[in-house]
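This report describes helix packing, the core, the chain contact and a few single residues. The sequence and the structure are shown first.

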Amino acid sequence: MGMHDKHATEHAHHELGFVRKYIFSTDHKVIGVQYLITAMAMAIVGGVLSMLMRLQLAFPSQMLPSMGSIMPDAFAGGIMKPEFYASLVTMHGTIMVFFLFTAVLTGGFGNFLIPLQIGARDMAFPFLNALSYWIFLLSCIVIFAALFVAGGGPLGGWTSYAPLSAVEAFGPGQGLGMTLWITAIALFTASGLMGGLNYVTTILTMRTKGMSMMRLPLTQWSLLITAILGLLAFPVLLAAGILLIFDRTGGTSFFVPAGLITADMKLVQHAGGHPLLWQHLFWFFGHPEVYIVILPAMGMASDILSTFCRKPIFSYRMMVYSMAAIAILSFIVWGHHMFVSGMSPFLGSVFTLTTLLIAVPSAVKTFNWLGTVWGARIRFTAAGLFAIGFVSLFVSGGLSGIFLGTSAADIQLQDTYFVVAHFHLVMAIAPLFAAFGGLYYWFPKMFGRFMNETLGKIHFWLSFVGVYCVFFPMHIIGIGGQMRRLYDPTQYDFLKSQQGVNVFISISAFILFAAQFIFLANFLFSIFAGRRVTEKNPWHATTLEWTVPSPTGHGNFGEELPTVYRWPFDFSLPGAKEDFVPQDVAPVAATGRK
Amino acid sequence: MVFKYMPTITQERRQHGTTPPPPVLPGGGDDGGGDSGSSFPISKHQVGLWILLGVIIMLFAGLSSAYIVLRGVPGWQNIEVPSILWLNTAILLASSATIEAARKSLRHLRIDAMKSWLVVSGGFGLAFLVGQVVAWRQLVAAGVYLPSTLHSSFFYILTGLHGLHLVGGVMAMAYVLSLALRNRLRPAADESLKLCAMYWHFMDGLWVYLFILLVLA
């Protein structure tokens, strides 16, 4: 054990009580794992909600006496109520977009990896970082509570369109449920802004010696760009949320026009507002938000792919530039969510143009991933498989985006299952695969043990086939006219012929969901009983986090911070002793020359 | 602001020489620059503050865009805004000058003068906040409430949010003053005062913008 290791161990044993060390910790690694585990719990909640939705869609309005006894409010006489279905849609979307994807990828991996990969001891503002997690946890509790309050959860979808969301009398879940939704999102925003401030500051100012911007792993670039996106987009959502709260409780009329009538035929006491204003504000945030989810996934998948292909990433610079281009474009495309809102066709064509422009950097990235895989002797680990799966899903989901981004086609396809298929593949399942890849890959770093590879591969193949079985047929029933957020497809004659597809999707979804418990069991079991990590760098990777023991002690590095001499993709260098050269290896040592 | 630091960075770089040596192996580094990250031109606190200001800009940009959109909706009614706002604006502008006076005093090692200027600046800040509350009370007295018209809704919300952010500035000023009273501010260690002043000027500028948006435009 060298001096460095000794110091790292001493750092690890720099005694803190259990509570300070694992619960109210300011260590970025602990906070990262806290984010991961909290988000995994939220994923189970969000997943169960989607299973209930699939149950209703495949077997509409079946008598489920057992559900009726568990949730009598939601299943009147054992049959799922339409309002409950609407709240399932809302809560599933909200939980997955914010509390799973945003939280896992930036909160979890961001916190865990940033200081380790740039060669810093911790985040720039550790206390703010811890505060960010605790506010996030609070927001999780608040959104979870929205499922169980009187009236049920909010009904308006994850986008919570006004005026539906602005007037309590518009539905049973639009009262307390909606208020809790806004509260949770506001708390989440505050937490995300604290995190983003930390990420940007840390990456800019705390890189170790030699770690120039163009030597950052792509994961770091993606987290930096994501954090900037979040810092610019979340405040606008907060602004919209503030106006919405005042509409609901202060009697103002920002989003509510005159003359609206509730279900029980009462005139709403508002006038003067603009019903589309919320959509503009929401989607100005909402479109960058989908890139907040996908960009870290791209960065992580790039690094994992390169490591298991034993090749440098194809065109590092273009990877960085295309991520930046995607980020910039993401702020000028929000109108493509509003093609049917009565927008002028000319404006629609402008938004079509900007949207289709995003295909260019996206295609550059895909080309580069293929270039990385091309001719490589790939090591098919679970992490590597999930990274490849990410690329596949990103392409499958991205291509349908070209149809939806074209206003002429979107007028036909909008609000159908085609949209559901598109966004699930590209911004839910693809990032999920990258996150799984990241978990299999960095699990040894986090816990000092491996996850079981065989179970990991079974998990991959079941998931990979499963998601295509679930989401691919949705394109077809979407073109066939099945509306998203639809409670009962058999209510419409023209959809009845497609009902068999709905049954197929639901059964596939049940199997897919069940397969995730293989992962969960593997994850939990491996924390305590997985195979121990015996070497510092089990994947033969190049980045700095693999130059220190796992799990890594407080302070990350020994007495001295590492010095970086090279970019993170020195794989299979001609003349080198091994097929990888870590970033902290000085040029002379790598060749074995004195 | 960045330029002020430039000479130091160049000096630091010179001291470090051209450490890390250029990579021998092909593809050993994409840009070959041996830039040490620790030489980032501004401190982490300053970066953090810039980011915070960016976030506040986006928050108010979101609200302003809503304001501009809704002003075009038929039925928009302007409210009569209390004239005390002119006085408040003058007070806030004056406070920016006094906090600069505090910084200048520190640079010239006139510590007592600096403390006085800080107290005056904080006092002006509080006076502005009191003035804003007086403006609200005058509106209420005139029967103009939050939901009365869209203009009044925006007036209360925007001034309220700005006031909240300014409270944060006053608290920062109190913190800087507490540092000064414990003799922890020196010309070489003036970052807290500098950042506090930056935030304060920003709040000042934000108010001028809101004043133009809500009252003059």
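In this predicted model, α3(A) and α17(A) pack with their axes 9 Å apart, at an angle of about 155°. An angle over 145 degrees counts as roughly antiparallel, and α3(A) and α17(A) are therefore roughly antiparallel to each other. Their crossing is left-handed. On the α3(A) side the contact is made by G47(A), M51(A), R54(A), L55(A), L57(A) and A58(A). They meet N502(A), V503(A), I505(A), S506(A), A509(A), F510(A), F513(A) and Q516(A) of α17(A). By class, the contact of α3(A) with α17(A) consists of nine nonpolar, four polar and one charged residues.

Helix α3 of chain A, residues 28-58, also packs against α5(A), with the axes 8 Å apart and an angle of about 160°. Here too the angle is judged against the limit of 145 degrees, and α3(A) and α5(A) are therefore roughly antiparallel to each other. The crossing of α3(A) and α5(A) is left-handed. Its residues divide into 24 nonpolar, ten polar and one charged.

A further pair in chain A is formed by α9(A) and helix α14, residues 417-447, whose axes come within 9 Å and cross at roughly 40°. Angles under 35 degrees would count as roughly parallel; α9(A) and α14(A) are therefore oblique to each other. α9(A) passes α14(A) in a left-handed crossing. The α9(A) residues in this contact are V290(A), V293(A), I294(A), A297(A), M300(A), A301(A) and I304(A). Facing them in α14(A) are M427(A), A430(A), P431(A), A434(A), A435(A), G437(A), G438(A) and Y441(A). The contact of α9(A) with α14(A) has 13 nonpolar, two polar and no charged residues.

The three pairs are listed below.

| Helix pair | Angle | Axis distance |
|---|---|---|
| α3(A) and α17(A) | about 155° | 9 Å |
| α3(A) and α5(A) | about 160° | 8 Å |
| α9(A) and α14(A) | roughly 40° | within 9 Å |

Two residues of the contact between α9(A) and α14(A), A297(A) and A430(A), recur in the largest nonpolar core. That core has 229 residues, and A297(A), F390(A) and A430(A) touch the most other members. Helix α5 of chain A, residues 82-118, gives the most to this core, with 22 residues. Which residues does A430(A) touch, not counting residues up to four places away in sequence? They are I294(A), A297(A), F390(A), L393(A), F394(A), G397(A) and L425(A). This list includes A297(A) and F390(A), which are named with A430(A) as the residues touching the most other core members.

V581(A) lies in the loop between α17 (499-529) and α18 of chain A. A residue is buried if 20 or more other C-beta atoms lie within 10 Å of its own. V581(A) has 26 C-beta neighbours inside 10 Å and therefore counts as buried. Its C-alpha atom is separated by 8.7 Å from that of R566(A), 15 residues apart along the chain.

The report now turns to the contact between the chains. In all, 52 residues of chain A are in contact with 38 residues of chain B. On the side of chain A that touches chain B, at least two residues each come from α7 (176-205), α8 (218-250), α9 (277-309), α10 (316-329) and α18 (587-591). α8(A) gives the most to this side, with eleven residues. By class, the side of chain A that touches chain B has 32 nonpolar, 14 polar and six charged residues. α9(A) thus appears both on this side and in the pair with α14(A).

Chain B has six helices and zero strands, and its elements run α-α-α-α-α-α from the N terminus on. Of its 217 residues, 33% are buried. Among contacts in chain B between residues at least 6 apart in sequence, 77% join residues at least 24 apart.

Is T89(B), in helix α3 (residues 84-107) of chain B, buried or partly exposed? With 17 other C-beta atoms within 10 Å, T89(B) is partly exposed. Not counting residues up to four places away in sequence, T89(B) touches W207(B), V208(B) and F211(B). T89(B) and M171(B), 82 residues apart in sequence, are 20 Å apart in space, C-alpha to C-alpha.

Definitions and conventions. Residues are numbered from 1 along each chain as its sequence is written. Chains are lettered from A and ligands numbered from 1 in the order in which they are written. This is a predicted model: local features need pLDDT of at least 70, side-chain atom pairs count only at pLDDT 80 or more; totals for chains, interfaces and linings use all residues. Two residues are in contact if their C-beta atoms, placed from the backbone, lie within 7 Å. Helices (H or I, at least four residues) and strands (E, at least two) are DSSP runs, numbered from the N terminus. Ala, Val, Leu, Ile, Met, Phe, Trp, Tyr, Cys and Pro count as nonpolar, Asp, Glu, Lys and Arg as charged, and the others, Gly among them, as polar. A nonpolar core is a set of buried Ala, Val, Leu, Ile, Met, Phe, Trp, Tyr and Cys residues joined through C-beta atoms within 7 Å. A residue is buried if 20 or more other C-beta atoms lie within 10 Å of its own, exposed if 12 or fewer, and partly exposed in between; C-beta atoms are placed from the backbone. Axes are lines fitted to C-alpha atoms, for helices over the stretch in contact, and angles run from 0 to 180 degrees between N-to-C directions. Angles under 35 degrees count as roughly parallel, over 145 as roughly antiparallel, 65 to 115 as roughly perpendicular and the rest as oblique. A crossing is left-handed if the near helix is turned anticlockwise from the far one by less than a right angle, and right-handed if clockwise.
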